[in-house]
Amino acid sequence: MTAPSWTRREFIASLTGGSLALLSTPWAWGEGSRDPLASPQPDEGVAQYVQRVTGRFDDTLYKRILGSANEFKEGDAIVGVAAADDNERSHARQILLQTKLGEIDAHPPLIDDLYRHLQSSLDPAVQTRLSGWTFAELKTFLLTQDEPAIHMVLPGLSSDVIGCLVKLLTNAELTTLGARVFHPLPGSQIGAKGYLGARIQPNSPTDNVDDIRWQVLCGFSYAVGDVVLGNNPVSSDPRSVAAIERTLREVLEVFELTDALPHCVLAHIDVQAEVERTEPGSTALWFQSIAGSDTANATFDLTLEKMLRYAESRTGPYGLYFETGQGADFTNGHGHGFDMVLHESRKYGFARLLSQKVAAARARAGHPGRPWVHLNDVAGFIGPEVFRTREQLVRCCLEDIVMGKLHGLCIGLDVCSTLHMSVSLDDLDWCLEQLVPAQPAYLMALPTKIDPMLGYLTTGYQDHVRLREKFGCKVNDRMWRFFQELGVIDESGRPTEHFGDPLWVYLQYCRRKHDDRPDDAILAEGRAGMAAVRGRGLFLAEGWGERPSDLAPRLRQEIRRIYDDSKESIWAEFDDRFTPSIPAATLLATRSADRRDYILHPETGETLSEPAAMSLAALKERHAGRYDVQVVISDGLNALAIMDRQQLQPFLETLRSSLLRENFRVAPEHLVVRSGRVRAGYRIGEALFAGLDGRRALIHVIGERPGSGHRTFSVYLTAPEGATWGATGTTGRVDHHLTRVVAGIANTALVPDKGADEVTRLLKELWTA
């Protein structure tokens, strides 16, 4: 089989360049041309209101009322369902409070195969008993009853009902409810009351296993890492994924932790299954990003049937791990006219359905009880087209914690920010402190707040130390005992002299491997290993500042420098010297008026300007079908990465020579796009290749969004037949589902000549697929 190529990094990064138009103000979506929502009559639910106002069941108005009940987020404005003002939001909430749960189940915003399975997974007796409740009654029940009573009603709450409920809760009420309901993973305290776990995320821009191993050892030195060792790979090649699986498993085996802590490489689930078939026992927990509709799941190369088959195969101690996030559906063209909260809730319904299938499979295998299945809500990864502020990030996370728990899930958070959002490093600290009282099961954990590969801001190891101190949170008991045995904390849980010392952990790692060399020799080897990791541009936390929860001063200063550089990179534009430096450059533009327009209104960077379209028409005529490969260069979200001649020039030279050596017919021009996003490349391919015979490839070199400490670019390869390039309509147009990606190309990451060779290799695979 050909393994799917889209990693989480590649897919979600593409969404940043592939979303719909963002409005410059909350009320700019033509609300003046539609009637405002009026106050409902007493006891009038949403279906009755719609019928009275329109004389029929108007689906558009129905979805608008449900969306208008949400706290404002930019993504809902894009879809066209955000409230025009606070008064309209109040009316929508009043309507919803008077609505009976059965009305929502009788009028689903979308019916597809996934929805039908979600409904069949409910307990019909409980659902029927609850159907006559209003949302006001459900809200009161959940906020006043104890946890056992709440657990009794959960099997009858549909995803749409749960999604509607959280719209009606204040942040304080969401926090109260989140701190009332728990679903700990079996055999652990992960997700239990008073516990805050950590997923160590040991990412490497080059999938270097030494980088990955050292980040795990670094986390252990701060007594962090009790949920999963979960690497996001750059490459989806099964051989590379297998190497990382082996590395993570080996660390756990050496420390005798395989019964307490799983490992996971977050490649596509098909790749993980292939690795397990090739090397039985090499994988543990299986990962997959999921969506809330059939069409959105297709973007992940998923079908419901595929996921059900995988769920039924998971009979071991560790089951499935899911990731989701508000906004991922509409940004990739699958909004279906309803709001982000309802989409997100359906994702949790999908996770609940699959969890039930895993439980049934384990029971048939003689292992009854709850399965080890959990979900990570990646909030804030896409960017300002979904929401922009720290307050919106907190609201999103609180909604998702409660929706996850009401679906019976163990749910963690990746409280994160991209560099083009208005959320700073200090803002993230504030967000975490608002969210921990709602009791998420876990948070991400990296040596610092900066992910070296995904290029975004999230939770560092010492943030966990600070949050544990501030809120009295515990670590899973089994892992806490391990950290005490390791010697980084004492019997009272206080830091020892070895706390924050990865070298000490490396010494223990070697000793448990029966390495009998003198300590000095092992420590010298460890210092060299840490220096090599840092030399590749990755961070390893070591020591602390005034408190154990503070980064060491020099490292803190470096993180601030990278943050400032990232802000500079994301707002940079091609200068006047750049285009003339590119051989045979043809300059094209999109419809973005300026850089701000480009950042805040992504669709403008996907659509070519009229002069650009005319230039491409002339170029197609001039080429007369002679070439089967076209190279495009766009600024993306990091023009500085593209303008670095020490990166781009050797890449282009190696790429062109390797393509010619493989007998590809490469057009002589380099098409240079100002304010270009990923989908601008697809539009260029359509303009040049539509209707031509045979395969035609578009190679799109584009600046990656900054934040990793590396100024990197990606390459998107798309090579369908000319007939596909020329197809029209939503089902036939070229998009991400036809694309392979090589990411993280920079002199400090995947070096340009190797990146070019990888592009050529992947293009050859596409050509023969």
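**Exercise 1.** Find the residues in contact (heavy atoms within 4.5 Å) with F255, leaving aside its neighbours within four places in sequence.

*Solution.* The list is L217, F220, F482, L486, V505, Q508, Y509 and R512. A word on the input: this is a predicted model, where local features need pLDDT of at least 70, side-chain atom pairs count only at pLDDT 80 or more, and totals for chains, interfaces and linings use all residues. Residues are numbered from 1 along each chain as its sequence is written, and side-chain values use heavy atoms, without hydrogens and water.

**Exercise 2.** Place F255 in the largest nonpolar core.

*Solution.* Start from the definition: such a core joins buried (under 20% relative accessible area, 1.4 Å probe, protein chains only) Ala, Val, Leu, Ile, Met, Phe, Trp, Tyr and Cys residues through side-chain atoms within 4.5 Å. The largest one has 166 residues, and F220, F255 and V415 touch the most other members. A second, separate core has 33 residues, including L655 and I699.

**Exercise 3.** Work out how helix α22 (a DSSP run of H or I, at least four residues, numbered from the N terminus) packs.

*Solution.* First, collect the buried residues of α22 (477-486): M479, F482, F483 and L486. Next, look down the axis: they fall within an arc of 100° (from directions of axis to C-beta atoms), so they line one face. Finally, their packing partners are α13 (209-221) and α23 (502-512).

**Exercise 4.** Explain why C218 forms no disulfide (cysteine sulfur atoms within 2.5 Å).

*Solution.* The closest cysteine sulfur, in C510, is 16 Å away, too far for a bond. C218 is also buried, at 0% relative accessibility. Overall, the structure holds zero disulfides.

Technical notes. Buried means under 20% relative accessible area, exposed over 50%, partly exposed in between (1.4 Å probe, protein chains only). Helices (H or I, at least four residues) and strands (E, at least two) are DSSP runs, numbered from the N terminus. A disulfide is a pair of cysteine sulfur atoms within 2.5 Å.
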